[in-house]
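Here is a short report on the fold, the core and one loop residue. Keep the structure open while reading.

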Amino acid sequence: MIALTALFASLIVSAGVNAQAAAGATAAPASGGSKSPVVAILQPDAAQVSGTIYFFQPDPNGPVTVTGQLSGLDPNAERGIHIHQFGDLTNNCTSTGEHWNPTNTTHGSITNPLTTRHRGDLGNFLTDANGDATLNITDVVGGLSLYGEDNIVGRAIVVHTGTDDLGLGGNEGSLKNGNSGGRAGCGVIGFSNLTTFGVVPAA
Ligand SMILES: [Cu+2]
């Protein structure tokens with residue numbers, strides 16, 4: 001617990017974390033990729049969202065799992081969540097750009113094949129009666145990776161004010177972004193010093 005507290009203190013110096021994440025996006029560590037979980041601290045935008053999101057990929061050829069605790073959202077709601085292009089919060093969540101979509105496909109569910117989803121599509125999560133949420137999303141299709149040239153470190157995760165229609169809405173917006181509404185909050189994905197995988201630290 002003491003070590004975890006120290007880690008959080010160091011991560012909250014967000015400018016430093018962002019700079020490190022940006023460097024990591026173009027020059028991965030000598031090992032060739034992430035050796036530890038990566039992390040994003042959410043900052044509020046259209047809603048007073050807060051929370052920390054963790055990304056784990058114990059096996060470089062295996063799936064990424066996304067965990068975390070969020071608060072400040074609408075109660076009892078499904079809310080969209082995606083990786084967006086840029087780890088750039090200079091204009092809050094707006095400057096994170098559109099969904100991370102390096103293969104230029106249409107938007108869809110996290111369970112769709114990669115031909116009918118964006119690499120950054122993570123679907124929806126559920127909030128409780130207090131507007132809190134515990135994330136536990138595993139990308140079994142393999143859109144996300146923490147390793148290699150196409151890793152997500154240095155990009156952003158965005159939580160939306162609306163529900164992602166998963167590309168099934170029957171209109172142009174649906175195939176672009178799932179009509180997920182505004183950007184409740186977002187965070188830059190950066191390397192962390194955590195040494196354990198698959199653990200949701202206590203909020
Ligand atoms: Cu989004």
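## Fold and core

From the N terminus on, the elements run α-α-β-β-β-β-β-β-β-β-α-β-β. That order holds 3 helices and 10 strands. Helices (H or I, at least four residues) and strands (E, at least two) are DSSP runs, numbered from the N terminus. This is a predicted model: local features need pLDDT of at least 70, side-chain atom pairs count only at pLDDT 80 or more, and totals for chains, interfaces and linings use all residues. Residues are numbered from 1 along each chain as its sequence is written.

Of the 203 residues, 43% count as buried. Buried means 20 or more other C-beta atoms within 10 Å of the residue's own; exposed means 12 or fewer, partly exposed in between, with C-beta atoms placed from the backbone.

The largest nonpolar core (buried Ala, Val, Leu, Ile, Met, Phe, Trp, Tyr and Cys residues joined through C-beta atoms within 7 Å) has 37 residues. Strands that each supply at least two of its residues include these:

| Strand | Residues |
|---|---|
| E1 | 38–44 |
| E4 | 78–84 |
| E6 | 121–126 |
| E7 | 133–139 |
| E8 | 156–160 |
| E9 | 183–188 |

E1 gives the most to this core, with 5 residues. Ala40 is among the residues with the most contacts inside the core. Leaving aside neighbours within four places in sequence, Ala40 is in contact (C-beta atoms, placed from the backbone, within 7 Å) with Ile53, Ile157, Gly187, Val188, Ile189 and Gly190.

Now the loop residue. Gln57 is found between strand E2 (50–56) and strand E3 (64–71). Gln57 counts as buried because it has 23 C-beta neighbours inside 10 Å. Its C-alpha atom is separated by 9.4 Å from that of Leu144, 87 residues apart along the chain.

Conventions:
Contact = placed C-beta atoms within 7 Å.
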